[in-house]
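Colleague: I should like to go through this structure with you, one topic at a time. May I begin with some short questions?

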Amino acid sequence: MFSRAINRDLAHLEGKGGFSLDRLMIILCYVALITVVILPVFMILYYAFWDGTKIDIAMFKQVIFQKSNIRSMWNTLVIGVFSTALATAVGVFFAWLLGRSDIPMKGLMKFLFSIPFMIPPFLAAMSWDMMFSGRGGYVNKALMSLFNLTKAPFNINSVAGIIVIEVVYYFPFVYMQVVSALERMDPTLEESARIAGASQLYVIRRITLPLTIPAISSGMLLVLITSLSNYGIPAMLGYSQSIFTLPTMIVELMNRAGGSFEGIRQSAALSIVLVFIVSIALLVQRRLLTHGRYDIIKGKSMRPMLIKLRGAKYPLLAFSLLFLSLIVVAPIVMIILVSFVKAYGLPFLAKNLTLANFRRIFVGNIMVRDSVKNSLFLAFSAASFCLLLGTMLAYVIYKVKPKGGTALEMMAVLPYSLPGTVMAIGCILAWSGAFFGITLYNTIWIILVAYIARYLSYVLKSSSAALQQVHGSLEEAARSCGASHMQTLKDVTLPLIKPAMISGFFLVFLPCMRELTTSILLYGPKSRTLGVAIYQLRINGQIAPAAALSVVTITLIIICNNIVKAITRDKKRG
Amino acid sequence: MKRLIIVLLLISALLLPAFSAGADASYSGKVMLYSSTGEDVVIALKNAFQAKYPNVKLDYYSATSGKCVTKLSTEFQSKSVTCDLAWLADPSAMINLKAGNHLVQYLSPFAAGVDPKFKDAEGYYTGARLLIMGITFSTTSCSDKEAPYNWDGLLAPNFNKQLIMTDPTGSGSTKALVYAMTRNPKYGWDYFKKLGEMGTELQSSSGATNNAVAAGSYKVAFGVDYNTKNLMAEGSPIGWHDTKDIVAVPCPIAIPVGAPHEKLAKLLYDFILDPNGGQKLLTQYNITPIVDGVELPAGMLTATEVASKALPIDWIDLAKVSNKLLDQFDSYFKKQK
């Protein structure tokens, strides 16, 4: 009897036996992931192949082989492949220029690179549309009158136009990955090659490039997946020319069917095709990554040797600044200008400028006011939930290490590779009374659930990276001094990963603020988000008020971004 | 004495509308309007309605007719109706909703003033405003002289690749236009076939159509009267011509089955149809009222005039052939790229 008591005490100390904190966390993780991720995904499969009474593959076949759908699959692929290839080229070039050469004004350029991250892609697309759409774009019009052209010099409303905008918007993904790899690379490798007599180009080709291949390919994959599943850019630029991609086609099918069962089933079927294409991309990347992994990238910070550009220095600088101002500054200036113009289409003369657009979106317009409130609420709640769930998941997966840990991780990162449109369709199917009669459709909660599913992996990644650096000995030390499991978590583990948690919070907060892809399918009469509000204003033809609201949105995002920076800087200092 | 009575009667007659126009605090609660009417109009309607019924809060959801119907259908399927009153620009959508037993029958006292062509005889829906199609043109690239006054003028060679229209798949009003014109021997499908061959392009909404013209991308478009006139008032570089052959769409209101605030929905129903309420308000936004007896801006036709002159549209037939109509239309216009 005595020994049993001791055993129980020991078991209690180790956190085993009884209903321990670990087990509770494992169960919570499973419940949360099954609810948020698995149910919607399951419902898509169920609806695509189940017609209510029996398994039905005919509908699926008919959807895939429909001419317009094949066309949109083709467009999706063409846009995905070309924009990835070009974005990679541009991204690597700038990463090399900023990470390895002695080009001046690096600070300014780095700042300019961070701007596209803050502007929602559909806003950028809208702005480019204002500049270069056929005969009506402001820049096109100016060029036509300047050079007496009868035809518009550029047509942004084309597949090529969509590719160009995606490149402009996505190349910073590659740039960021590659520049950090270059900065962490051991410079002695390059130096020894140079000493051994290799030419500069040979060093780049045989040493620098192979060492950065993993960074390049992960950047490429990011671009490819984002491009394949992006809704905003093709929707803004392609509609007037009947250019559809899979995500825009899915939304179109939903709308055309007027919400009927058949329409939802068709979009579910098309969603499966989109997921299939994205999974192939993921598989290809995994193959690429297993070949040529190099562990020579060191964590130590060393000053890499800078390549002297000599005569090419100033031409390259001029080119880069021109390029960056064209792709970063011009769209913002355009949106700001249009937000002050009386009516879209008027030239930007003093007599045509007004504040009426801002008044119009703020005074009496409950939809705009609601959308600001909704987006702030959604971004804050989604980020908080993701923070809690994501950190708990990271802890369970990397510290508790239960048997089904890999399954948990796979479930959590699944929505990351699922296009937002697909996730939204899944949420509609799952939360319109299919389970326990719960109907979230038309409410803000369905958007929240979708956001949590979509962005959970962001927190999981940042928290697990931090957790892996917290050695188990720290927790063991606390436990051996008599601290309870809960106490250890609270006083040792969590404080150590706090900076990562804070940055994880904002990694979710910022994209939620500008989300369009999921919310466009999920918004209800009172749950419009900022993205939806801008999109609707534009679709209804109120371009100038849409531009005004865009200016407000960009300002909000920049403010939030600066708050993040201030917080994370304080944390580093403290 | 007699004179006194007359004076008293006159005074009371003058005071009566003043009283009835005053606030009525006996109703309270919330009412949700789904509307495809421009948001400015809905906001004005909300303010006027709330001024009359200070204890009632009017919420709205403003989107295209197609979006409103999609929302409604999904609400019916999930049995969680949020909408109390729907105001769509597409009578055929209402006919489909009625056929699916999704509408509440309501004979508003004000519906009597609406022409039978513009309402459901059984009172499941009632036209609440008129939308009139016409020709919108860009004043920067097309002179007033160049812009035609009737539909056949749009076939002129100077409008090759210079003409746009709203995609009828998403726009009830353009669908009605296509129906009315293809059923008319003067135009027929030939007309649209020619338009397709001229390189006529499609836009996603009538708002987008107007903008493309305002920006000078195209010379002319199949336009919607009040959209264009409102933009003109703002100073946008576009112009408007009424056409000889009138295409008019009555935009109906209806109460969905399961509306959570049916009583207030009926109150709003009446208010919108009231010549001294919603109907008077419409004219401020260049929208043609559906009932006579409202003072009209210069050049606007009365509802009765529109009813007698417009190309005939059999809305029930249109609802039936809608998909076939769109397919044939698409075969001329949508050669997907």
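**Domains, interface, strands and core**

Modeller: In chain A, 24 residues of domain 1 are in contact with 19 residues of domain 2. Please keep in mind that this is a predicted model.

Colleague: Which elements give two or more residues to the side of domain 1 of chain A that touches domain 2 of chain A?

Modeller: They are α15 (356-362), α18 (420-430), α23 (530-539) and α24 (543-573) of chain A. The most comes from α24(A), with 10 residues.

Colleague: And how do the residues of that side divide into nonpolar, polar and charged?

Modeller: On the side of domain 1 of chain A that touches domain 2 of chain A, 14 are nonpolar, eight are polar and two are charged.

Colleague: Where do the two domains of chain A lie in the sequence?

Modeller: The domain assignment gives domain 1 as 20-49 + 355-573 and domain 2 as 69-245 + 290-347. The centres of these two domains of chain A, taken over C-alpha atoms, are separated by 27 Å.

Colleague: Let us turn to the two chains. How many residues of chain B are in contact with chain A?

Modeller: There are 43 residues of chain B in contact with 39 residues of chain A. The elements of chain B that give two or more residues to this side are β1 (29-35), α2 (39-52), β2 (56-62), α3 (65-77), β7 (201-203), α7 (206-214) and α8 (225-234).

Colleague: Which of them gives the most?

Modeller: That is α3(B), with eight residues on the side of chain B that touches chain A. By class, this side of chain B has 12 nonpolar, 22 polar and nine charged residues.

Colleague: Now for strand β5 of chain B: is it mostly covered or exposed?

Modeller: Strand β5 (residues 126-138) of chain B is mostly covered, with 13 of its 13 residues buried.

Colleague: Which strand do seven bridges join to β5(B)?

Modeller: Those seven bridges lead to β10 (residues 247-256) of chain B, and the two strands run antiparallel. Within that pairing, B:Arg129 has B:Cys251 as its bridge partner. Strand β8 (residues 220-224) of chain B is also antiparallel to β5(B), joined by five bridges, and there B:Met133 is the bridge partner of B:Val224. Four bridges join β5(B) to β9 (residues 238-241) of chain B, again antiparallel, with B:Thr136 opposite B:Trp240.

Colleague: Back to chain A, then. Why is α6(A) described as largely enclosed by the rest of the structure?

Modeller: The reason is that 11 of the 12 residues of α6(A) are buried. Among them are A:Pro121, A:Phe122, A:Trp128 and A:Asp129.

Colleague: How far does this helix reach from its first C-alpha to its last?

Modeller: Helix α6 (residues 121-132) of chain A reaches 16 Å, close to the 16 Å expected at 1.5 Å a residue. Just after α6(A), A:Gly134 takes a positive phi of about 40°.

Colleague: Finally, which residues have the most contacts inside the largest nonpolar core?

Modeller: They are A:Ala382, A:Cys386, A:Ile452, A:Val508 and B:Leu268, in a core of 266 residues. Helix α16 (residues 366-400) of chain A contributes the largest share of this core, 17 residues. In soluble globular proteins, nonpolar side chains tend to be buried together.

Colleague: What is A:Cys386 in contact with, leaving aside its neighbours within four places in sequence?

Modeller: A:Cys386 is in contact with A:Ile452, A:Tyr455, A:Leu456, A:Tyr458, A:Val459 and A:Val508.

Note on methods: Residues numbered from 1 in each chain as written. Chains lettered and ligands numbered in written order. Predicted model: local features only at pLDDT ≥ 70, side-chain atom pairs only at ≥ 80, totals over all residues. Contact = placed C-beta atoms within 7 Å. Nonpolar A, V, L, I, M, F, W, Y, C, P; charged D, E, K, R; others polar. Expected span 1.5 Å × (residues − 1). Buried ≥ 20, exposed ≤ 12 C-beta atoms within 10 Å, placed from the backbone. Pairing = 2+ DSSP bridges. Core = buried A, V, L, I, M, F, W, Y, C linked by C-beta atoms within 7 Å. Domains from an automatic or database assignment.
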